[in-house]
Amino acid sequence: MKILCRYVLAWMGALGIMNVYFCRINLSTAMVAMVGVEKHSKSTSNTTHSQCPGPVEVEGEDKVFPEGEFDWSKKQQGLVTGSYYWGYATCQIPAAWLASKMGFRKCLASPCCWHLS
């Protein structure tokens with residue numbers, strides 16, 4: 001049974017898209033571990049909230065909030081996350097130009113081989 005080149009290219013494209021998607025997910029997930037959990041102060045007012053109530057506190061247990069390695073504000077976190085998206089978006093046109101000049105196979109295979117080494 002012969003495997004056609006178009007099926008190999010289709011699988012390479014699907015795996016490449018999946019790789020980009022996983023990188024995007026991992027960046028958001030890693031941000032929580034790098035920065036930590038934001039501590040919320042308890043409100044003493046009698047207003048209704050549209051959020052679920054927090055966990056029930058048990059006497060004798062201390063609440064531990066994990067501290068992150070970086071002390072980034074929300075704005076800095078947005079810049080880090082946004083830099084991935086802007087880098088991804090701006091590389092689309094040069095990548096399309098390279099694919100038209102070199103071919104899809106070489107353009108997709110070269111970064112895959114580069115990451116393996």
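In the predicted model, the largest pocket is lined by 21 residues, and those lying nearest its centre are Val20, Tyr88, Ala95, Leu108 and Pro111. The volume of this largest pocket is about 820 Å³. Four helices each supply at least two residues of its lining, namely helix H1 (5-35), helix H2 (74-90), helix H3 (92-102) and helix H4 (104-116). By residue class, the lining of the largest pocket comprises 16 nonpolar residues and 5 polar residues, with no charged residue.

Aromatic contacts were examined next. A search of the whole structure finds 4 aromatic pairs. In one of these, the ring centres of tyrosine 21 and phenylalanine 22 are 6.3 Å apart and the planes meet at 45°, so the pair is classed as tilted; the angle falls in neither the range under 30 degrees that defines stacked rings nor the range over 60 that defines edge-to-face rings. Tyrosine 21 is partly exposed, with a relative accessible area of 42%, and phenylalanine 22 is likewise partly exposed, with a relative accessible area of 42%.

A pair with edge-to-face geometry is formed by tyrosine 84 and tyrosine 85, with 5.6 Å from centre to centre and 75° between the planes. Tyrosine 84 has a relative accessibility of 23% and therefore counts as partly exposed, because the buried class is reserved for values under 20%. Tyrosine 85, with a relative accessible area of 35%, is also partly exposed. Tyr84 and Tyr85 belong, together with Tyr88, to one aromatic cluster. Tyr88 is also among the residues that lie nearest the centre of the largest pocket.

A contact between a charge and a ring involves arginine 6 and tyrosine 7: the charged end of arginine 6 sits over the ring of tyrosine 7, at 6.0 Å from the ring centre.

Cysteine residues were considered last. The count of disulfides comes to 0, a disulfide being a pair of cysteine sulfur atoms within 2.5 Å. Cysteine 5 counts as partly exposed at 37% relative accessibility. Cysteine 23, for which the relative accessible area is 36%, is partly exposed as well. Both values lie between the limits for buried residues, under 20%, and exposed residues, over 50%, and the two cysteines are therefore placed in the intermediate class.

Note on methods. Residues are numbered from 1 along each chain as its sequence is written. This is a predicted model: local features need pLDDT of at least 70, side-chain atom pairs count only at pLDDT 80 or more; totals for chains, interfaces and linings use all residues. Side-chain values use heavy atoms; hydrogens and water are left out. Buried means under 20% relative accessible area, exposed over 50%, partly exposed in between (1.4 Å probe, protein chains only). On a 1 Å grid over the protein atoms alone, a cavity is a set of points where a 1.4 Å probe fits but cannot get out, and a pocket is an open set with protein on both sides within 12 Å along at least five of seven lines; lining residues have an atom within 4 Å of a point. Grid points are joined across faces, edges and corners, and a volume is the space filled by probe spheres set on the points. Ala, Val, Leu, Ile, Met, Phe, Trp, Tyr, Cys and Pro count as nonpolar, Asp, Glu, Lys and Arg as charged, and the others, Gly among them, as polar. Rings of Phe, Tyr and Trp (its six-membered ring) pair if their centres lie within 6.5 Å; planes under 30 degrees apart count as stacked, over 60 as edge-to-face and the rest as tilted. A charge sits over a ring if NZ of Lys or CZ of Arg is within 6 Å of the ring centre and within 35 degrees of the ring normal.
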